Amino acid sequence: MSETKITHVAAGVLVRPDGQFLLGSRPEGKAYAGWWEFPGGKIESGETPRQALDRELHEEMGISVTAAHPWLVQTFTYPHATVRLNFFKVTAWEGELHSREAQSFAWQWPGALTVGPVLPANTPILRGLELPPLLAFSNVAELGIPTWLARLFVCLQGGLRWVVLREPQLSAVDYATLARQVIDMAGPFGARVLLHDQAELAAQLGADGVHLSARTLLQTASRPEGWVGASVHNAAELAKAAELGLDYAVLGTLHPTPSHPGRSGIGWPGFTDLVSQGWPLPVYGIGGLSIKDLPQAEAAGAQGVAALRAPWQQGLQDRLVSG
């Protein structure tokens, strides 16, 4: 049996500072004409994915990319071809966008598309664009419930939009009571709340989803409802998260932390080595990080940073704007 031929593609997710991203329509004469996708094209022989991205975006829309970092890798089989798409987040470019191949362009807000249909290989990327740069884990164990809730409110006012409620020291009753409080507090801000290893409770309380521990991840046979992420430490756990079609993974730890005494951490080189293997889901770094580490995280191929202590210590005084 012959091996499936794979067409390698570089695609650019152009993102404005306000969070809008660009989609382009496929021109007449091409497969799926009129469908929408992220602009890009085939990687030619001898090209790196980044070189192909720069060339294709210049040929298609007349811009020169000045800032981009690898993001996700998605393999998808269409009736006519199997493609492996190397997605880059493009955050800066020179030149004015204009159509060079009779295609249309449309700036879109995450979670609020006004164009369609979108090619199915691109749809997981759309969900990834709704994820924020900072994923905050609760820290009731160190701060106590009243203090942490007060700091959570300040953070929500400051722009925090995603919280994972992880408090294994609480009884089931106390955890459920706290979860109700957090969901009620987050609602008016449009913030999402994920419960830790509590998929059934999340459904009962109307939480936005669940975050799985690495142990639970490996024991899970099918994806729970809602938004779903997981903590991972190695390639096998990343592969399991990808197999389940999870929305994100949190990889670490990167640096020594009070939660993991005696561990040196994998560092950014170790993080990059794992992420660069190519995964179809965004990956956060965790372990001694804060929002100030975001530029380094993005350069390493991360979606952003996850943190247990920094958000509540800083009160988001960095004026974080999250997705």
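This is a short walk through one protein chain, its confidence, its nonpolar cores, one pocket and two buried strand residues.

Let me begin with the caveat that what we have is a predicted model, in which the protein chain averages a pLDDT of 91, with 94% of the residues scoring at least 70. The stretch to be careful with is residues 317–323, where pLDDT stays under 50, although the model does have 19 contacts for that stretch beyond four places in sequence. Where pLDDT is low, the predicted coordinates should not be read in detail, so I will leave those contacts aside.

Turning to the interior, the largest nonpolar core has 54 residues, and those with the most contacts inside it are Trp-148, Leu-152, Leu-195, Leu-246 and Phe-271. Helix H5, residues 172–186, gives the most to this core, contributing seven residues. If we take Leu-152 as an example and set aside residues up to four places away in sequence, it touches Leu-160, Val-163, Val-182, Met-185 and Trp-312. There is also a second, separate core of 21 residues, which includes Ala-11, Phe-38, Leu-85 and Leu-129.

Now to the second largest pocket, which holds about 630 Å³ of space and is lined by 34 residues, with Val-9, Arg-26, Glu-37, Lys-42 and Val-83 lying nearest its centre. The elements that give two or more residues to its lining are strands S1 (6–14), S2 (21–25), S4 (40–42) and S6 (82–94), together with helix H1 (49–61), and S1 gives the most, with six residues. By residue class, the lining of this pocket divides into 17 nonpolar, nine polar and eight charged.

Let me finish with two individual residues. His-196 is found in strand S10, residues 192–196, and because its relative accessibility is 15%, it counts as buried. Beyond four places in sequence, His-196 touches Val-164, Leu-165, Arg-166, Tyr-175, His-211 and Ser-213.

And what about Ala-306 in strand S15, residues 304–307: is Ala-306 buried or exposed? At 1% relative accessibility Ala-306 counts as buried, and, leaving aside its neighbours within four places in sequence, Ala-306 is in contact with Leu-135, Phe-137, Val-250, Tyr-284, Gly-285, Ile-286, Gly-287 and Leu-289. For those of you who like to check distances, the C-alpha atoms of Ala-306 and Ser-138 are separated by 11 Å, while the two residues are 168 residues apart along the chain.

Technical notes: Residues are numbered from 1 along each chain as its sequence is written. This is a predicted model: local features need pLDDT of at least 70, side-chain atom pairs count only at pLDDT 80 or more; totals for chains, interfaces and linings use all residues. Side-chain values use heavy atoms; hydrogens and water are left out. A nonpolar core is a set of buried Ala, Val, Leu, Ile, Met, Phe, Trp, Tyr and Cys residues joined through side-chain atoms within 4.5 Å. Buried means under 20% relative accessible area, exposed over 50%, partly exposed in between (1.4 Å probe, protein chains only). Helices (H or I, at least four residues) and strands (E, at least two) are DSSP runs, numbered from the N terminus. Contact means heavy atoms within 4.5 Å. pLDDT is the predictor's confidence in each residue, from 0 to 100. On a 1 Å grid over the protein atoms alone, a cavity is a set of points where a 1.4 Å probe fits but cannot get out, and a pocket is an open set with protein on both sides within 12 Å along at least five of seven lines; lining residues have an atom within 4 Å of a point. Grid points are joined across faces, edges and corners, and a volume is the space filled by probe spheres set on the points. Ala, Val, Leu, Ile, Met, Phe, Trp, Tyr, Cys and Pro count as nonpolar, Asp, Glu, Lys and Arg as charged, and the others, Gly among them, as polar.
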